[in-house]
Amino acid sequence: MRIIKLNATDSTNAYLKNVMLSEVLDDFTIVIAKAQLKGRGQMGASWQSESGKNLTFSVLKKFEALPAAAQFLLNIAVSKSVYTTLKQLQIPDLSIKWPNDILSGNAKICGILIENILLDQNIQSAIIGIGLNVNQLVFPGLSKATSIKLVTGRTFAIEEVMQLVVKEMKTVFREYEGKSIAQIKEDYEMHLFRKDRPSTFKDGKQSLFMGFIRGISDNGKLQIEIEDQIMREFDFKEVQLLY
């Protein structure tokens, strides 16, 4: 497993993509940076990380024949990998906030950004970017952020945590090869944040509504039950959970 170590880069995902233009890389090639200057999250959100305190890395995952229509299965596999790793580190009250933020209580501890490279109708490879708060203690302007050290009181070796995540990722990808979509979805939904609890949402038109998260569709859309037992499905940019 090749690991490319950087002191700083704009984005580990972008750096890995650039390396792929000039080299043929092996499965699970990793780029890790002490500082990520322009880290991104879902829908272009910025990812703020104190230099040397957190785990910011990207992993190349190759596929032989993964249909593009099944791309949300990648979100599930990576989310489950991080969730299980943090469970092993005894992080309390863990859940997965759709689509793939990892929370401890109500606070975000990890963000994931997956960028797929397509060939015809299949995903040829994916660049999996992970930003995990490890030893940072203060998050200016972010009231709903936490870290491993904040919730455990212990300092962790950054690269050791990375090795645990990647080891679990390999295990989950291997296990999911023998599971149906229904089984993989069930694995994800049992850890879904605020599932079956009354919640407030904001839709794409900035309108507020109440509902219950019931699960996800086969293509990863969030299924919310609203009034009169009506079930609606929302894509990433179409709804925001306000709690």
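These notes concern the overall build of a predicted model and three backbone features in its loops.

1. The chain carries five helices and twelve strands. Its radius of gyration is 18 Å, close to the 18 Å that the globule rule gives for 243 residues, so the chain is as compact as a globular protein of that length. The C-alpha trace, followed along its principal axes, spans about 55 × 45 × 35 Å.

2. Of the 243 residues in the chain, 51% are buried, and among contacts between residues at least 6 apart in sequence, 62% join residues at least 24 apart. The area that the chain exposes comes to about 12300 Å², with carbon and sulfur atoms supplying 49% of it.

3. As to charge, the chain has 30 positive and 27 negative side chains, and the centres of these two sets lie 6 Å apart.

4. A check of the backbone may start from the general expectation that most residues other than glycine have a negative phi and that most peptide bonds are trans. The peptide bond from Trp98 to Pro99 is cis, with omega near 0°, and Pro99 sits in the loop between β4 (94-97) and β5 (101-104).

5. Asp93, which is not a glycine, has a positive phi near 50°; this residue belongs to the loop between α2 (72-88) and β4. Asp93 counts as exposed because its relative accessibility is 57%, where the cut-off for exposed is over 50%.

6. Gln229 likewise has a positive phi, of about 55°, without being a glycine, and is found in the loop between β10 (222-226) and β11 (230-234). With a relative accessibility of 69%, Gln229 counts as exposed.

How values were computed: Residues are numbered from 1 along each chain as its sequence is written. This is a predicted model: local features need pLDDT of at least 70, side-chain atom pairs count only at pLDDT 80 or more; totals for chains, interfaces and linings use all residues. Side-chain values use heavy atoms; hydrogens and water are left out. Helices (H or I, at least four residues) and strands (E, at least two) are DSSP runs, numbered from the N terminus. The radius of gyration is taken over C-alpha atoms; the globule rule is 2.2 Å times the number of residues to the power 0.38. Buried means under 20% relative accessible area, exposed over 50%, partly exposed in between (1.4 Å probe, protein chains only). Contact means heavy atoms within 4.5 Å. Accessible areas come from the Shrake-Rupley method with a 1.4 Å probe; for residues, only the protein chains shown count as cover. Lys and Arg count as positive and Asp and Glu as negative; His and the chain ends are not counted. The place of a charge is taken as NZ of Lys, CZ of Arg, CG of Asp or CD of Glu.
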